[in-house]
Amino acid sequence: MWKIIGTAIAFLVAATIFSTYLAAKRRADKFKKDNPGLQVYTLLVPLFSPLRIFHLLPKWLPWLIYDMSDKQMAKGFTTEKGTDALAICDSDVSYFLLRDPALCHDIMVNRYKEIVKPVHTYVLIDIYGSNIVTTEGATWRRHRKIAGPVFGERNNALVHEASLRIANEMFAAWPTDQTALIDISEEMMQFALYVIASAGFGKDFAWTDKEGDIPAGHTLSFKTTMKTVIENLMNYVMFPDWSLSKLARTSRKEFGQYMDEMIEEAIADGDSLSPNILQALTKAAFAENESSKLTKEEIRANGFIMIVAGHETTANTLAYAFALLALHPDIQDTLYQHCIEVLGGRDPEYADFSKLTYSLAVMNETLRLYPQVIAIPKYSADQTVVIGKHVLPPKTEIHIEVTAIHKNPDIWGPDVDEFKPERFLSTDEARQNAVKIGWIPFSEGPRACVGKKFSQVEFVVVLTMVIMRYRVGVPEGVSREHLLESASLFTLKPKHNVKLVFSRR
Ligand code: HEM
């Protein structure tokens, strides 16, 4: 009996694998036929299968199982000269990976109506409903028209104030010793979350208060719900509601309630509240006429998406920047001298942002080497699209390969792998051209990041303040490879928390 069941299961597995392979091969053959000369890979295991994402496939499996291993993909695509595009077909999807900067620029800036965003892949961040990140076409334009201007100078000034206050609270909580080992990944995660809470929602969290107040009508604090929702994003999508922890379920519900209350407050209020993102969004949305406004649910969804888009991205970039500065004491010295020259040792004011050019150059160069979004996804939707000489069938997912462009020696020169913030300050024409065509960490065109300046202000304030107070070093026995080893799921982050030695100046 067991033998029969075992044989049946083995047969089913083999048949599934075989039919998956045939489906992938059919796609690949079609792609090859339409695009002679293009390198096309067939994947037996789908590219975004949990088996791949969570590295569950044993390393010893023969190459045929992958057809193209992750290593080959990274190496073959990012470093080999002459490969500006390739295709990968699995049983479900055809992917077209592109690293030609001019074609990528054209897609992002000019062809955004035709080559759209694959919004069907964004279900993970739709948990409070559709929003500026997860919509396309006329709906997206309605979201963007209202949300875009919210990220103006008034909000940037708020970001500055919040960053300054939170950074000072953070320093007060750091050890008083001359030298201390600090987990800067963790600190920057908390820092960036608190900045969003303040500039995004008007909630000023105290650095050392881990819990936060619980107002009437709630069982959890705003702080707990916000942190828990962010930590459980993946769980909300992957697991049924009943299997989630009570904290995760309650947080999702109560975080939504908190946002609803703030939206009602902003509607009732005149102009007296500070212009945090949620309030400014609400006011801007309700100033529109009926057909172009955002509903309360849409405002809530956009409020939430700002945390998703703006928290880890900035925190990870800061963690990488500190690691890179610890590895390059000479660059750290230049940065320190620059900050002292501009500020003379005082804390920065918002008006100083434009003068702290070296701090911003450190951010730009960090994002060049470690872009948070390693590939910007686009989609051919229901039509065949032609990109350069390539013909892509309907439903092709197009990846703008940010890392490959950022690390292309033809654009950046032979020192492409080196950490050199000066690239972004150079008046040399070739250097300036490289930045113009080869630097896209915030995307480009109408769908570029709305929070670019938000993150820049936040980054420049905290980096400048830390470097004026501390010298940052690599702990003994920790290698460069260990420090910078990366993992990418939604964003690119250091695989191991970055722990550095901070010595008071
Ligand atoms: C270092 C920090 C950041 C990086 C590298 C970054 C990068 C990006 C990129 C590459 C996109 C385009 C994604 C795509 O098309 O698939 C994007 C979009 C977006 N970002 Fe950021 N981002 C950062 C910080 C922020 C912050 C702080 C906020 C808000 C507080 C934010 C809000 C958004 C929003 C709302 C969009 C969607 C825009 C649209 O589709 O119209 N980002 N970001």
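# Reading a predicted model with a guide

Visitor: Let me start with one residue: is Ser-443 buried or exposed?

Guide: Ser-443 is buried, because its relative accessible area is 17%. The general idea is a scale: under 20% relative accessible area is buried, over 50% is exposed, and anything in between is partly exposed, using a 1.4 Å probe and protein chains only. Please keep in mind that this is a predicted model, with residues numbered from 1 along each chain as its sequence is written, local features needing pLDDT of at least 70, and side-chain atom pairs counting only at pLDDT 80 or more. Totals for chains, interfaces and linings use all residues, while side-chain values use heavy atoms and leave out hydrogens and water.

Visitor: Where does Ser-443 sit, and what is its phi?

Guide: Ser-443 belongs to the loop between α18 and α19. Those names come from DSSP runs numbered from the N terminus: helices are H or I runs of at least four residues, and strands are E runs of at least two. The phi of Ser-443 is positive, about 65°, although the residue is not a glycine. Lys-395 also shows a positive phi, near 65°, and is likewise not glycine. Its place is the loop between β7 (390-392) and β8 (396-401). Lys-395 counts as partly exposed because its relative accessibility is 46%.

Visitor: Now the metal: which protein atom is a donor to the iron atom of the ligand?

Guide: A donor is an N, O or S atom within 2.8 Å of the metal (3.2 Å for Na, K and Ca), and since water is not among the atoms, a site may look incomplete. Here the only protein donor is the SG atom of Cys-449, at 2.3 Å from the iron. Cys-449 lies in the loop between α18 (429-438) and α19 (452-469). An unreviewed UniProt entry marks Cys-449 as "binding site"; such annotations may be inferred rather than shown by experiment.

Visitor: Is Cys-449 buried, exposed or partly exposed?

Guide: Cys-449 is partly exposed, because its relative accessibility is 38%.

Visitor: How many residues surround the ligand, and which come nearest?

Guide: A residue is near a molecule if one of its heavy atoms lies within 4 Å of it. The ligand has 30 residues around it, and the nearest are Trp-140, Arg-144, Pro-441, Arg-447 and Cys-449. By class, this shell has 19 nonpolar, 8 polar and 3 charged residues. Here Ala, Val, Leu, Ile, Met, Phe, Trp, Tyr, Cys and Pro count as nonpolar, Asp, Glu, Lys and Arg as charged, and the others, Gly among them, as polar.

Visitor: Which helix gives the most to the shell around the ligand?

Guide: That is α13, with 6 residues. At least two shell residues come from each of α6 (137-150), α13 (296-327), α15 (357-369), β5 (375-379) and α19.

Visitor: Which side chains bring a polar atom to an oxygen of the ligand?

Guide: A polar contact is a pair of N or O atoms within 3.5 Å; within protein, one must be able to donate a hydrogen and the other to accept it, and residues adjacent in sequence count only if both atoms are side-chain atoms. Polar side-chain atoms lie 2.9 Å from a ligand oxygen for Trp-140, 2.8 Å for Arg-144 and 3.0 Å for Arg-447. Inside the protein, the side chain of Ser-479 reaches the backbone nitrogen of His-482 at 3.0 Å. Ser-479 is in the loop between β9 and α20 (480-484).

Visitor: Which strands does β12 pair with?

Guide: Two strands pair if DSSP finds at least two bridges between them. Strand β12 (residues 499-504) runs antiparallel to β4 (residues 179-183), with 5 bridges. Across that pairing, Thr-179 stands opposite Ser-503. Strand β9 (residues 470-473) also runs antiparallel to β12, joined by 4 bridges. There Tyr-470 has Arg-504 as its bridge partner.

Visitor: How far apart are Ser-291 and Arg-142 in sequence and in space?

Guide: They are 149 residues apart in sequence and 9.3 Å apart in space, C-alpha to C-alpha. For Ser-274 and Phe-239, the values are 35 residues and 38 Å. Ser-291 is found in the loop between α12 and α13, and Ser-274 in the loop between α11 (246-268) and α12 (277-287). Ser-291 is exposed because its relative accessible area is 65%, whereas Ser-274, at 37%, is partly exposed.
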